[in-house]
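User: Hi! I'm new to reading protein models and would like to learn how the descriptive words are justified. Could you take me through this one?

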Amino acid sequence: MSVDPINRADLPPRFWERKPLRKMNQREWEALCDGCGKCCLNKLEDEDTGEVALTCVACRLLDDESCRCTQYDIRHQFVPECIVMTPENIDSHAYWLPQTCAYRLLWEGKPLYDWHPLLSGTADSVHAAGVSVQGCTVSEFETPMEEWEDYIIEEPT
């Protein structure tokens, strides 16, 4: 069992069902992350349709085993284009978030899945449910951008 890097202790029970995203404090907001790693996968967006395709080509900072950013606190030093999701910017970014992402689900008015760590009580439940990218990625350094279409994946739900 891995150690959860997100402090979920002593949060109000099911706070996400009573508190709008925009009213959450930083700790509550961070606790919504399920640790799947899918937001750290490179995506392809069709310029004509706006459709977003998920690839298994991972950001250079993603640890494929833990599904966590290896440099989370200083990631912008390495990946300046990394988007920090906040209650203030979710309206413009929710469309490209993974379909199983708690931020997207709550933004769409949907419930969290029962494997979410806030419901299961363990950070490993996302991996056990088969919805994380654990062991399933390829390196962006070893995969030329012009080949990313070959690495489009269907998102598990």
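User: What makes a residue of the lining of the largest pocket count as nonpolar, polar or charged, and how do the residues divide?

Analyst: Good place to begin, and keep in mind that this is a predicted model. The label depends on the residue type: Trp and Cys, for example, count as nonpolar, and Asp and Glu as charged. Sorted that way, the lining of the largest pocket holds 30 nonpolar, seven polar and nine charged residues.

User: How much space lies in the largest pocket, and which residues are closest to its centre?

Analyst: The largest pocket has about 1,300 Å³ of space. It is lined by 46 residues, and Cys39, Cys40, Cys82, Ile83 and Trp96 are the closest to its centre. Cys, Ile and Trp are on the nonpolar list, so these five names all fall in that class.

User: Which element gives the most to that lining?

Analyst: That is β1, with five residues. At least two residues each come from α2 (26–31), β1 (41–45), β4 (68–69) and α5 (102–107).

User: What about the second largest pocket: how do its lining residues divide?

Analyst: Here the split is nine nonpolar, one polar and five charged. About 260 Å³ of space lies in this pocket. Its lining has 15 residues, with Val52, Ala53, Leu54, Gln99 and Glu155 nearest the centre. Two or more lining residues come from each of β2 (52–58) and β6 (152–153), and β2 has the largest share, with three.

User: Why is His127 called buried?

Analyst: Let's set the value against the cut-off. His127 has a relative accessible area of 17%, and buried means under 20%. The value is under the cut-off, so His127 is buried. You can find His127 in helix α7 (residues 125–128).

User: How do you know which residues His127 is in contact with?

Analyst: Contact means heavy atoms within 4.5 Å. Once the neighbours within four places in sequence are left aside, His127 is in contact with Gly35, Ser66, Cys67, Ser132 and Gln134.

User: And where is Cys136 found, and what is it in contact with?

Analyst: Cys136 is found in the loop between α7 and β5 (138–139). By that same 4.5 Å cut-off, and again leaving aside neighbours within four places in sequence, Cys136 is in contact with Cys56 and Asp64.

User: How far apart are Cys136 and Glu65 in sequence and in space?

Analyst: In sequence, 71 residues separate Cys136 and Glu65, while in space they are 9.0 Å apart, C-alpha to C-alpha.

Note on methods
Residues are numbered from 1 along each chain as its sequence is written. This is a predicted model: local features need pLDDT of at least 70, side-chain atom pairs count only at pLDDT 80 or more; totals for chains, interfaces and linings use all residues. Side-chain values use heavy atoms; hydrogens and water are left out. Helices (H or I, at least four residues) and strands (E, at least two) are DSSP runs, numbered from the N terminus. Buried means under 20% relative accessible area, exposed over 50%, partly exposed in between (1.4 Å probe, protein chains only). On a 1 Å grid over the protein atoms alone, a cavity is a set of points where a 1.4 Å probe fits but cannot get out, and a pocket is an open set with protein on both sides within 12 Å along at least five of seven lines; lining residues have an atom within 4 Å of a point. Grid points are joined across faces, edges and corners, and a volume is the space filled by probe spheres set on the points.
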